[in-house]
Amino acid sequence: MTPPPKIAPRIATKLGLAKSAITKPFPLVSPLPWSGAKSTDLSTLLLKAINATAGKTPDFVKGRIPFSMIALAKDGKHLYAGFRDDDMDFSGSLLKVAVLYAAFELRAAANRLAAEIELTPGDDLFAALRAAFGNSIEAVSLTRLQGKPRPKPKTPIAIPVYEDILELTTRIPPNGPVDFTSKQVTTDRIARGPDPVTHTGTHHNITATQDFLSALNAMIVESDDMSASQCISALGYSYINAVLMKAGLFKPNSMKGDEQGIWIGGEYENLKQSRILALNDGTGAFVMDTEAMCRLMALIFTGIAVNDSSSGGTSNKEMQDMLEASILGNPPFILRRTAAAPALKFRLARNKLGLAGLGRNEEKGIVASECTVLTWNTDTASDPGALFAQGIAKHNLTGDVVVCWQNLPLPSSTQMFDGIGDIVEQTYGEFLKT
């Protein structure tokens, strides 16, 4: 284990006194609590809808389309259905949601530590974080990720670069005492263009300077790869991996290729990567199954992903706001329908999409993915007989549906993404009639 750095005697004493109960840089409850369960009825309807859509939408069946759906319930006993939902596929920018979650989990843990050892302005926050968190992260994270992507000299190999992420302030919650830093970080990256949708075309070098929170926003709202790389580089593969494992969102396995959940072992700018097997691409540094991502989005949307409300934190709300803004920043695929397609029976509440080319040089075709929160329309115009409203009440649902899918080959202009919305409507709409 890495020895702790030298820190002020007062803080060192407090860390020693609190050693038996010292705050860890992980979720307070591990794995994250989840009261949802598989619904046989919803699963049957989902498979029926997928088969029906595949029969009438040729572009939809050119690949395997893993699909997960969570019908949120008022009592927290959510209903789950999945199709090939344990397939591990390369899924591009959709995995930025997991980076977002890891960043807010770190800030929440830093605030718990600050309260536990009574940090005050002028104390060395970063030394305290390294002393309290370093060995814990190193003990949990996978060895092959430690020190990546950019180990800094004279620091433990399994810790984030705290100076580029956090700062100690004089503010009270929810904006302190520890918050994302206002420090500006300059990064040099290769920008892709000129097509903002497919990311294909020429490559050119650019330089950007921004603070960590701005990078988080740009990573989610605009799906900016350079900003995502800034966040991942600061957090480190080790910490992201450790948090996802402790949250129950990634499960390693001694058998290569048997991993499950969400894997982030790279930046988005082709720096050193740690890749695992991906069914659709051989190997990948951004690999996931739809069950884990769908569950993470549901945890964020229902406000229980990061447990910081008792201390006045607002992490879940802040993540929700970014994912809401993402709807305008990157038009969701589920809304990209042909002119002849009927209007959807739901509206979007939160969204994050992914789009990337398969193969090391993205030469094997482009695949799309998406995780979205939908709210069913029950107004008089959309539901004149109140049939759907009655079904929502009967099943004790909220009317919100979380949907995650991946590995859809980029549809042609004549097909668009009609099939996705059709599957949701046929599955959830028919379930409400039962």
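## Salt bridges in the model

Let's start with the charged pairs: this predicted model holds 15 salt bridges. Side chains of opposite charge can pair when their charged atoms come close. Three of these pairs are described below, followed by a look at a buried serine.

## A pair within helix H9

Lys317 and Asp321 join their side chains in a salt bridge, with an N to O distance of 2.9 Å. Where do the two residues sit relative to one another in helix H9? They are 4 residues apart in that helix, which spans residues 315-329, so about one helical turn separates them.

As for their surroundings, Lys317 has a relative accessibility of 47% and counts as partly exposed. Asp321 is partly exposed too, with a relative accessible area of 33%.

## A link between distant parts of the chain

Next comes a salt bridge between the side chains of Glu425 and Lys345, at 3.6 Å from N to O. This pair ties together distant parts of the chain, its members being 80 residues apart. Glu425 belongs to helix H11 (residues 418-433), while Lys345 lies in the loop between H9 and strand S14 (346-357).

Are these two partners buried or partly exposed? Glu425 counts as buried because its relative accessibility is 11%, which is under the 20% cut-off. Lys345, on the other hand, is at 36% and counts as partly exposed.

## A network around Arg84 and Asp87

Some salt bridges share partners, and in this way Arg64, Arg84, Asp87 and Asp89 are joined into one network. Within that group, Arg84 forms a salt bridge with Asp87, and their closest N and O atoms are 2.8 Å apart.

The two residues of this bridge are worth viewing side by side. Arg84 is partly exposed, with a relative accessibility of 37%. Asp87 is buried, and its relative accessible area is 8%.

## Ser39, a buried loop residue

Away from the charged pairs, Ser39 makes a good stop on the tour. Ser39 sits in the loop between strand S1 (37-38) and helix H2 (40-56). How much of this loop residue is accessible? The relative accessible area of Ser39 is 8%, so Ser39 is classed as buried.

Which residues does Ser39 touch, leaving aside those up to four places away in sequence? Its contacts are Leu79, Tyr80 and Phe431. Phe431 falls within helix H11, which covers residues 418-433, and Glu425 of the salt bridge with Lys345 is in that helix as well.

Terms used: Residues numbered from 1 in each chain as written. Predicted model: local features only at pLDDT ≥ 70, side-chain atom pairs only at ≥ 80, totals over all residues. Heavy atoms only, no water. Buried < 20%, exposed > 50% of the residue type's maximum accessible area, 1.4 Å probe, protein only. Contact = heavy atoms within 4.5 Å. Salt bridge = Lys/Arg side-chain N within 4 Å of Asp/Glu carboxyl O.
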